[in-house]
Amino acid sequence: MTRRNQSAFTLVELMLAMTFVSVLLLAIAMLTIRINGIYNKGVTLKAVNQSGQVIASDMQQTLNQSSSTSVAQVGDDTGGRLCANNVVYAWNYPAYYGNASRFNKYVDGTGKDEIRFIKFVGDSTYCPSSGTLPGVPDTEATDMLSASDRDLAVHKLDIVSNAVTGDTSQTIYEITLRLGTNTQEIITGGSCGGILSIKDDEYCAVNDLVFTARAGAKDEGGS
């Protein structure tokens, strides 16, 4: 009777193999999570950039078609307005969403929940230098930055006017728009950070757009 040689994995070999497979699966899982995070970050950045470009382009077009005398701006730390060419832009900063002291409110106090960045038809009376600030007509307002899964908000909007030398009919406006996700940590620093977790950082983005617009058409007959 002949004895067959039988071979099998030892317990140590099995443990080593299982350890290798476990490490491989863990590495794959971590890589998948990382790729998903990069994708979410990219989608968030894309949403911020696209929304910023839409707002900048719209404001440029409105100002370029406006006379210098029709442009007025008002605001404070809670929000602001820009009136030009029978168009009014209105915005609140996220720190004051729902706050009774926020700059922009709808006429009847109801309707939509919050004014992020909207525009509506109106003249310079909606941007008074003093006196009572008229409410926003909620039936005519168009949301340019409505609430979405990315939850975007205007964190800063500064408008600086500069006269054109030798042409009093024209004014150059330099506009700085800080647009980002509705995360309190980016308001002062201008970037994602603070107490954000790694998961939260995937959905946090901020971008500063600086652009110019000219109000007042130059007289073709002028020099």
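A disulfide, as counted here, is a pair of cysteine sulfur atoms within 2.5 Å. With that in hand, here are some close-up views of this predicted model.

**View 1. The disulfide between Cys-83 and Cys-127.** A search of the whole structure turns up 1 disulfide. The sulfur atoms of Cys-83 and Cys-127 lie 1.9 Å apart, inside the 2.5 Å cut-off. The torsion about their S-S bond is about 85°, so this disulfide is right-handed. Distant parts of the chain are linked here: Cys-83 belongs to strand E2 (residues 79-84), while Cys-127 sits in the loop between E4 and E5, 44 residues apart. Look at the surroundings of each partner, too: Cys-83 is buried at a relative accessible area of 0%, and Cys-127 is buried at 5%.

**View 2. The salt bridge between Lys-119 and Asp-58.** Across the whole structure, the search finds 3 salt bridges, and this view shows one of them, with the closest N and O atoms of Lys-119 and Asp-58 being 3.0 Å apart. Lys-119 is in strand E4 and Asp-58 is in helix H1 (residues 11-64), so the pair ties together parts that are 61 residues apart in sequence. Is each partner buried or partly exposed? Lys-119 has 25% relative accessibility and is partly exposed, whereas Asp-58, with a relative accessible area of 17%, is buried, because buried means under 20%.

**View 3. The salt bridge between Arg-116 and Asp-151.** The side chains of Arg-116 and Asp-151 meet at 2.8 Å, N to O. Both partners sit in loops: Arg-116 in the one between strand E3 (87-92) and E4, Asp-151 in the one between E5 and E6, with 35 residues separating these distant parts of the chain. Arg-116 counts as buried, at 11% relative accessibility, while Asp-151 counts as partly exposed, at 26%.

**View 4. The salt bridge between Asp-208 and Arg-178.** Here the closest N and O atoms of Asp-208 and Arg-178 are 2.8 Å apart. The pair links two strands, with Asp-208 in E8 (residues 206-215) and Arg-178 in E7 (residues 167-181), 30 residues apart. At 37% relative accessibility Asp-208 is partly exposed, and at 12% Arg-178 is buried.

**View 5. The second largest pocket and its lining.** This pocket holds about 170 Å³ of space. Which of its 14 lining residues are the closest to its centre? They are Asp-76, Gly-79, Tyr-93, Leu-157 and Asp-158. Strand E1 (72-76), E2 and strand E6 (152-164) each contribute at least two residues to the lining. For anyone thinking about chemical character, the lining divides into 5 nonpolar, 4 polar and 5 charged residues.

**View 6. Ala-141 in its loop.** Zoom in on the loop between strand E4 (117-121) and strand E5 (142-143), and you will find Ala-141. Ala-141 is buried, with a relative accessible area of 11%. What is the distance in space between Ala-141 and Tyr-106? Their C-alpha atoms are 9.4 Å apart, and the two residues are 35 residues apart in sequence.

Notes. Residues are numbered from 1 along each chain as its sequence is written. This is a predicted model: local features need pLDDT of at least 70, side-chain atom pairs count only at pLDDT 80 or more; totals for chains, interfaces and linings use all residues. Side-chain values use heavy atoms; hydrogens and water are left out. Helices (H or I, at least four residues) and strands (E, at least two) are DSSP runs, numbered from the N terminus. Buried means under 20% relative accessible area, exposed over 50%, partly exposed in between (1.4 Å probe, protein chains only). On a 1 Å grid over the protein atoms alone, a cavity is a set of points where a 1.4 Å probe fits but cannot get out, and a pocket is an open set with protein on both sides within 12 Å along at least five of seven lines; lining residues have an atom within 4 Å of a point. Grid points are joined across faces, edges and corners, and a volume is the space filled by probe spheres set on the points. Ala, Val, Leu, Ile, Met, Phe, Trp, Tyr, Cys and Pro count as nonpolar, Asp, Glu, Lys and Arg as charged, and the others, Gly among them, as polar. A salt bridge is a side-chain nitrogen of Lys or Arg within 4 Å of a carboxyl oxygen of Asp or Glu.
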